[in-house]
Amino acid sequence: PALVPWYQPVVSLDNEAVVGFEVLARSNVQGLENPHQMFLTASRLAMDVPLSELCRQVGMQHCGQLPGNPAIYLNTHPAEKLTTRLIESLQELRRQHAETPVVIELHEGAVTGPAEMKAFRAELNELDIKLAYDDFGAGQSRLSELIAAPPDILKFDIALIKNIHEATTQHRRMLSMLISVVLESGIIPLAEGIECEEEADVCQELGFHLAQGWHFGRPAPCDTWNVAE
């Protein structure tokens, strides 16, 4: 197949148990092997939204081969605004995969305002799909939407996590305060981009519940994870 889903584990920092997988697109087409190349080409053809929908569909088709019943984290593209089309694509996924735990990761570029976010969140609740805000702390984080429509999971950007074990006391204190506010709001904080044990240890001390990164596993085809188990 031209489009091949790869999966990167999401782990609980308490015991490093795998609790979910993020779907990441790869391709067997020469010159279009990674998502950047794929979506750059798709954008030139005004096909970035259909490609994003296809990535989610293919990712869900193969997730049954993953061990256990992990939550499947699905990405959206910035071009996918909070429109009927996005909701309908998720409704179709839910019809086809009624029992699979799903988390939809919302790109900041898709967010238009608090009212739209509240309506989108209500639609996801109807579908029993959880919401994650991606790359929190990268660029301008939309705090108004965070308050108006709290996600289930908040993914802290790698820029806040990288070399956290070497960060200043002030940096750690700021992150700790943010995590406390997030937890008090009933949101689960997730640390992205953890690459070593030292970063993982500090993130756990700061209060992160979930984590992703090469330290826990690089993206790989689904059969790789089955063999690992």
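**Helix packing, aromatic pairs and a buried glutamate**

Let's start with a helix contact: Val49, Pro50, Glu53, Arg56, Gln57 and Met60 in α2 meet Arg85, Leu86, Ser89, Leu90 and Leu93 in α3. By type, that contact has six nonpolar residues, two polar and three charged. One caution before I go on. This is a predicted model.

Now the geometry of that contact. Helix α2 covers residues 48-62, and helix α3 covers residues 84-96. Their axes come within 11 Å and cross at roughly 15°. Parallel or antiparallel: which are α2 and α3? Angles under 35 degrees count as roughly parallel. So α2 and α3 are roughly parallel to each other. And the handedness? The α2 and α3 crossing is right-handed.

Next, the aromatics. How many aromatic pairs does the structure hold? Three. Take Phe21 and Trp225. Their ring centres are 5.5 Å apart, and the planes sit at 55°, so this pair is tilted. Phe21 is in strand β2, residues 18-27, while Trp225 is in helix α9, residues 222-228. That is 204 residues apart, so the pair links distant parts of the chain. Buried or exposed, these two? Phe21 is buried, and Trp225 is buried as well.

On to Phe156 and Phe208. Here the ring centres are 5.0 Å apart and the planes are at 90°, so the pair is edge-to-face. Phe156 lies in strand β6, residues 153-156. Phe208 lies in the loop between α8 (197-206) and β8 (210-211). The pair therefore ties together parts that are 52 residues apart in sequence. What about accessibility? The cut-off for buried is under 20% relative accessible area. Phe156 has 0% relative accessibility, so it counts as buried. Phe208 has a relative accessible area of 3%, so it is buried too. These two also belong to a cluster: Phe136, Phe156 and Phe208 form one aromatic cluster.

Last stop, Glu192. Where is Glu192 found? In the loop between β7 (188-191) and α8. Its relative accessibility is 12%, so Glu192 counts as buried. Which residues is Glu192 in contact with, leaving aside neighbours within four places in sequence? Asp134, Asp135, Lys155, Phe156, Asp157, Ile158, Ile161 and Gln212. Note Phe156 in that list. Phe156 is the residue whose ring pairs with Phe208.

To recap, briefly. Helices α2 and α3 cross right-handed. Phe21 and Trp225 link distant parts of the chain. Phe136, Phe156 and Phe208 make one aromatic cluster, and Glu192 is in contact with Phe156. Thanks, and over to you.

Conventions. Residues are numbered from 1 along each chain as its sequence is written. This is a predicted model: local features need pLDDT of at least 70, side-chain atom pairs count only at pLDDT 80 or more; totals for chains, interfaces and linings use all residues. Side-chain values use heavy atoms; hydrogens and water are left out. Axes are lines fitted to C-alpha atoms, for helices over the stretch in contact, and angles run from 0 to 180 degrees between N-to-C directions. Helices (H or I, at least four residues) and strands (E, at least two) are DSSP runs, numbered from the N terminus. Angles under 35 degrees count as roughly parallel, over 145 as roughly antiparallel, 65 to 115 as roughly perpendicular and the rest as oblique. A crossing is left-handed if the near helix is turned anticlockwise from the far one by less than a right angle, and right-handed if clockwise. Contact means heavy atoms within 4.5 Å. Ala, Val, Leu, Ile, Met, Phe, Trp, Tyr, Cys and Pro count as nonpolar, Asp, Glu, Lys and Arg as charged, and the others, Gly among them, as polar. Rings of Phe, Tyr and Trp (its six-membered ring) pair if their centres lie within 6.5 Å; planes under 30 degrees apart count as stacked, over 60 as edge-to-face and the rest as tilted. Buried means under 20% relative accessible area, exposed over 50%, partly exposed in between (1.4 Å probe, protein chains only).
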